[in-house]
Structures are given as C-alpha cells and as structure tokens.
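Reader: I should be grateful for a close look at the aromatic ring pairs of this structure. Please set out how each pair is described and where its members lie.

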Amino acid sequence: MRTYHCFWLLVWLGHPHQSSPTPLSKRTNGFLDHPKVLDTSRNSKEELHRSKRSWMWNQFFLLEEYTGTDYQYVGKLHSDQDKGDGSLKYILSGDGAGDLFIINENTGDIQATRRLDREEKPVYILRAQAINKKTGRPVEPESEFIIKIHDINDNEPLFTKDVYNASVPEMSDVGTFVVQVSATDADDPTYGNSARVVYSILQGQPYFSVESETGIIKTALLNMDRENREQYQVVIQAKDMGGQMGGLSGTTTVNITLTDVNDNPPRFPQIGAYQFRIAESAPPDAPVGRIKATDADVGENAEMKYSVMEGDGLEMFTVITDKETQEGILTVKKPLDFEKKRQFTLKVEAANPHVDPRFIYLGPFKDVTTVRVQVEDVDEPPVFSRPAYVLEVKEDVPINTVIGTLTARDPDAARNPIKYSVDRHTDMDRIFNIDSGNGSIFTSKPLDRETFLWHNITVIASEINNPKESSRVPVYIKVLDVNDNAPEFAMYYETFVCENAKAEQLIQTLSAIDKDDSFGGHKFSFSLAPEVAGSSNFTIQDNRDNTAGIFTRKTRYSRHDMSTYLLPVVISDNDYPIQSSTETVTIRVCACDQRGKMLSCNAEALIHPTGLSTGALIAILLCIIILLVTVVLFAALRRQRKKEPLIISKEDIRDNIVSYNDEGGGEEDTQAFDIGTLRNPEAIEDNKLRRDIVPEALFVPRRTPVVRDNTDVRDFISQRLKENDTDPTAPPYDSLATYAYEGNGSVAESLSSLESVTTDGDQDYDYLSDWGPRFKKLADMYGGADSDKDS
C-alpha cells in the first residue's frame, strides 16, 4: 500500500455506525439524515498517523432496483487538502462515470442516476481525483474505489429445460431413479437465500417423488404396469428463498414413459385347434396356414419362436416364424399324397426367446396349440417309374426292334389309363417310336454309332381321359458298336523310290485307323493284294504293332521304264466279323543323290536331256518382259519430245514488248498523242481477229463520243495492227505492243541548223522573244547574231 501525506475521506451512508472495510450483514432501505465524515488527517483531533494504510476504506454498497424518484445517494469524497474555500474540484472517472454515476465537483457527493441491476453488473470500479481549479493540477494522487450492488430477490428460478423426457422400466422398485431436473437462480448465492432453490412435485403423485435439494425424480409406487398405463406427466416446482413464503418459483414438465419388460407370457387366443386344408399337389415349402400367439409386451419382449413339438405330421410339415408379424407359418416339408394319408395332427409351440429372470414366476413364457391339416385330392399327372431312363441298342439292329419299355401310372384313386408319345422336338429325324399303349420304344430307322453315339429323347405320358394331365421323362439311348467299318489308312500315302535304290530298302511306313470301337484295342494286319503279291517290285512287312513297312524288292529303278507305281495294300482287323479294305500307295521313281536325297522325279527330263531347265526358262521369260517394258517407256518419251512449244525463237517470248522507235513531234505536236483517235469506232471495226487468239465470247465495243479524225494517226495504227495480225511469229494476244508516232511537225517548224543552210536568205528570229521565258536563251543567241551582222 502506497503512503501519502494526504488521502481521500469516503463516507458510506446507510447505517448508524461508521463505514468499515467490510460490508454490513443487513441491508437498509435508506441513509441517515446526517452522514458522518471520517476525517483522519494530521489536523484531526484523533492522532492517526497515515504512514501506512492498514484497512480497506475504498468500497461502497448500493441497493439494486432502487425505486425512489430522486437520485440514489452513494457517498461523499473529501480531501484533506480541501479548506472549504472552493479552490478544489472533484473529478470522477471509470465505469459509468458521468452517466450512471455523477459527482458534485465542489462537495464530492456521488449519486446514481438510475436504478441498477446486480444481475447485469454487480461491481463498478471508479477513480476519483481532486484538482486545483486555478492551476488545473491534481492535489492528490488518483484514487480507485469500488461500488458493489447489493442483491434483492428479483429473479425466479429457471429450469435448464422447459420440458424433460425420461423413461423408466415398468415394474421397477420404489425409489428407482428416473431423471434429475435442475433450476438456476440469477440472484446472488452468497447473500441471503435469494438463490437457494428447493424442489417440490406439483403433479405426478403418488407415482413419482422428487428430492427437494437435488431435483432427482424417483418412482414412488410399486409394480407400475406399462400394459395398464404407459405415459405419465409430472410437474416439478423450483422455489427460491429456501421454499419460504414470499419466494419466487418456476415450474417444468417431465414426460415419463414406462419402458417394456418381458412380464407377459405368450398365449394362443384360439381355444380350439387350428384347421387348415392343403392340396396334395402342393410343392415343398408351400404355405399351409398361419398361427399367432398374442403377447402384451412389445419389441424384443414380444418376439416369438414357433416349432412343431409332436404329431403324426412331424415329418411332413414344419413351421417358420415371420419376423415382421411374429406369426408362425406352417409349410409343407415333404410331398403329400391323398391316397396314402388324408389328415395330419400337429402340436405347435410358441415361446419367448428372451426371458427376464425376474419375472419367471409369472410364466411359463410359452404356449402350445393344436393344428389339424386336411389333405385334398387333386387330379395328378401320371408318374413314371423312374425319373430318367437309359437304354442301349446295337447299331446293326433291324428296324422296328424294341429297345426298352417305359411305365407310368396315374397316382389318383381312379387309376386312369395312360397314353405314351415321343416329343418330336427331341427326335426330329423320327429315328425312334413308342407304343402308345404299353410304352415300348422301338427303332424306326437304321442306326449308325459312328454318326450319333447317343440319342436323347423325351417321352410324354398323359391320361387318356384328361390329356392336359401329362408328365415327361428323359430317355437316353446309347448306340452300341458292331464291327461294320473296315480299317483304312490314317492318311493318303504318296512316296518315292530312288533310281539307285538297293533291294530290301525301307521307303515308307504305313499306319491304319478304324471307326469302330475295340474294347481290347485295335489290331490290324497288312499285306499286298493277292493279284500283285508275286509280281510286285515292292514287298510289305507287317510290324505287328498296327504299322507296316514298304520295302524295295530289286536294285535300281528307271524313270524311263516306269515313273510311277501303284501298290495295293490289304488292311484287316481282328474283330468279328473281320473287316478288311484295300488301300493304294503311290510310289514315284525319282533321281536322288548318293545320300538318298530326292533331286527330280520328272520323267520328261530323262527323255530330253539337252533341254533347258525350268530355272533357265524362267530367266528367259523375265528378260523378255523387261525388254518389252523398256520399249514402251522409250516410245512414251519420244511422243513427249515431239510436242513443239508455241514460241520458237528466242525473242518470241510471252509478254514481250514490241518497240517501234519512232520519234514524235515537239511540244505543240499534240496530234501524235490524241487518245481519241485510238478509240475511233471505225478503227475498231477495221480490226481483224488475230489467229493466235481463241476468245470464248465476243464483246460489243463501247461507243464513245466522236472526236476529231486524224488520218495520219489512224493510218499509222492500222498499218501496225495489220503487220502484227499477219505476222505468224507475233506474241500472244495479251502482249503489249508500243506504237510510237512522231507526227507532222510543230507550229514553230524546225529549229535545226541543217535546214538553215538550205535557205537562201537570212531568217528572222525576233519572234522568239514573244514565246516566253523558256525561249529567251534562243532569242538572245539568234537575235544577237543579227545585230552583229548588221553592224
């Protein structure tokens, strides 16, 4: 704490004793008529040395919600430097200074201009200072003090929620926690009982209760049953001032729901047995009917599990549970037969899978009912003795041979006669047929195992009295093999023998195949045909492994004598009956090298040894083709060279300019350049078409005004045009030709000195002075000469 020579004197009015550093324990509604001022300066009668402040003096208390008409008096500031002569003024700053709190600058009295709300702002911090009016300097250091707002009970308790929602299990014990409500009071909790809240229940008894201090709501009644009442509305009151009279209060609503527990066992509402009817043709898993046990519980506690407990239909029926409706669905387990059993009796049980151990004493949580099922007779289709038939037949059996018999019967008690038929969609070639009366299947066409090994057909059995009642069965017919195919070569054999071959030389190995089956494996034998066996140039050696070799019988063969040999070979099998065939091997005689590699098998090469080879012939043919192509190209080039260009001479080039070096007249000779003459229509009409121009269309010349005719220019141009039109070497029509025409002469005639020599007399050139400045030099030259001559 700082030490000052002078300090402020603060007075708090409102109690009959002096202000103290701590607030009073009791509020008052006013202030004393004669406020006391504490004067503890050095000039005071009480000698209190202010070397150190040892107590709090800078705190005021002000009552909130002041309802008086005048400003509320707060306290008084006074400095020990104030002599009472009005030389000092007091200044106030800080929270609300000048607006909420004002001070009399002369006396130091502080007042509040309006009523205050503690809940809005409980403490105001201000600063005070005493200033000399003349100098404007402070006589005391700035001092800070606090104004605290005393609370009054002006706020009612408010709940944190307008509506509470809670739940509690049904059948709960008394005192089971439900929910806790909470209310707050904006008043000062440290002062009095304004913020002390007490809870009480206004609505909801005797089912629930609330703890006054905590706001915890509990059950108050035993065995509350959800099935009797599920919803409860409880109203709770919160009152301040500890619940005393005059306190403010607030209320809230609590909606309490009793949640379900499994305290109700399932029960079948039907007293007697369930009766159902089902057709004997019903397939497995077909529904028969539905049963349902009722349960007052909900949700998981009302779930059911159905099962067949006993009865003569235990193996024929089963029951499943519908999870959505909690019903039991009785279904067919096995096919029914009216002719065997017409009625079944079942015991079906419904049980809760989720049982609460607390309520087992209310059980048992299951129930049993009786179900009777009546089987109804229907007209059923015929039934075959087997689901499928497999028959075998040899491929060589004659037509109309019976290969098997099918049987079907009418399962109904009437035992209607049956008619059989073959589904022709499965036997398009009508290879098989069936006796419609006894179901015997027989062949109607020859069979060939090598073409079709299996035949899959469908046989239809239908009642004669009711053809719509029919059934089908597959019949698989296997064609058995018989040895009806002779063996044959595995491939076409064409081999060769060298001219220099030796005797007993192997030239080809043969193998054979047989389309028939052989369970023990095929065994073929090879031999030469009897008609060539003694005279053949080759022999056959059977290798006893279904192969045979062809060997030469002699040494050396000649292409000139025989170029090709056809060797017949007989192949036989060992099945019954034995089948054999004669196959032919083609053997060509060829020229070979010493290692036996074939060089040529062409017989013509031997007959004409001096002839050209094939390669030489091909080379000659290529040369002839190349020569022909060369000639054609040369002729084409010669044809292109024969085309002459239009312009032959060096000067005869397109767009050349033809220059006629004719000199025109003098400055006055305007006739030589009279452009009107070039536009003379008569001159245009005299023009002839040029032979080097091939115009696509002729354009009519545009008429121009008639100008003065100049015969010299016209004759000159006409002459030049004719010369160019008749000249075969003239340039093309789009070339430019220049016609330079000098004219007849000028007005001044010739000024040449050559002409003056021919004249006899002297000429007078004085007229040159009249021609203007441009002829001044000539006038001086010729005029001056005459002067000299005269002198």
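Author: What follows concerns the aromatic pairs, then charges over rings, and finally one residue of a neighbouring topic. The model is predicted, so local features need pLDDT of at least 70 and side-chain atom pairs count only at pLDDT 80 or more, while totals for chains, interfaces and linings use all residues. Residues are numbered from 1 along each chain as its sequence is written, and side-chain values use heavy atoms, with hydrogens and water left out.

A pair of aromatic rings is described by the distance of the centres and the angle of the planes. Rings of Phe, Tyr and Trp (its six-membered ring) pair if their centres lie within 6.5 Å; planes under 30 degrees apart count as stacked, over 60 as edge-to-face and the rest as tilted. The structure holds 13 aromatic pairs. One of them joins F268 and Y306: the ring centres are 6.5 Å apart and the planes stand at 55°, so this pair is tilted. F268 belongs to the loop between β17 (249–259) and β18 (274–279) and Y306 to strand β20 (residues 305–311), so the pair ties together parts that are 38 residues apart in sequence. Strands here are DSSP runs (E, at least two residues), numbered from the N terminus. F268 is buried at a relative accessible area of 9%, and Y306 is buried at 4%. Buried means under 20% relative accessible area, exposed over 50% and partly exposed in between (1.4 Å probe, protein chains only). Ring pairs also link F268, Y274, F276 and Y306 into a cluster.

For F538 and Y557, the centres lie 5.4 Å apart and the planes at 5°, so the pair is stacked. F538 is in strand β38 (residues 538–542) and Y557 is in the loop between β39 (547–552) and β40 (564–572), 19 residues away, and the pair thus links distant parts of the chain. F538 is buried at 2% relative accessibility, as is Y557 at 3%.

Charges also sit over rings, as judged by NZ of Lys or CZ of Arg within 6 Å of the ring centre and within 35 degrees of the ring normal. R229 lies over the face of Y207, 5.4 Å from the ring centre, and K341 lies over the face of F344 at 5.4 Å.

Finally, I278 is placed in strand β18 and is buried, with a relative accessible area of 10%. The C-alpha atoms of I278 and E376 are 5.9 Å apart, although 98 residues separate the two in sequence.

Key: Helices (H or I, at least four residues) and strands (E, at least two) are DSSP runs, numbered from the N terminus.
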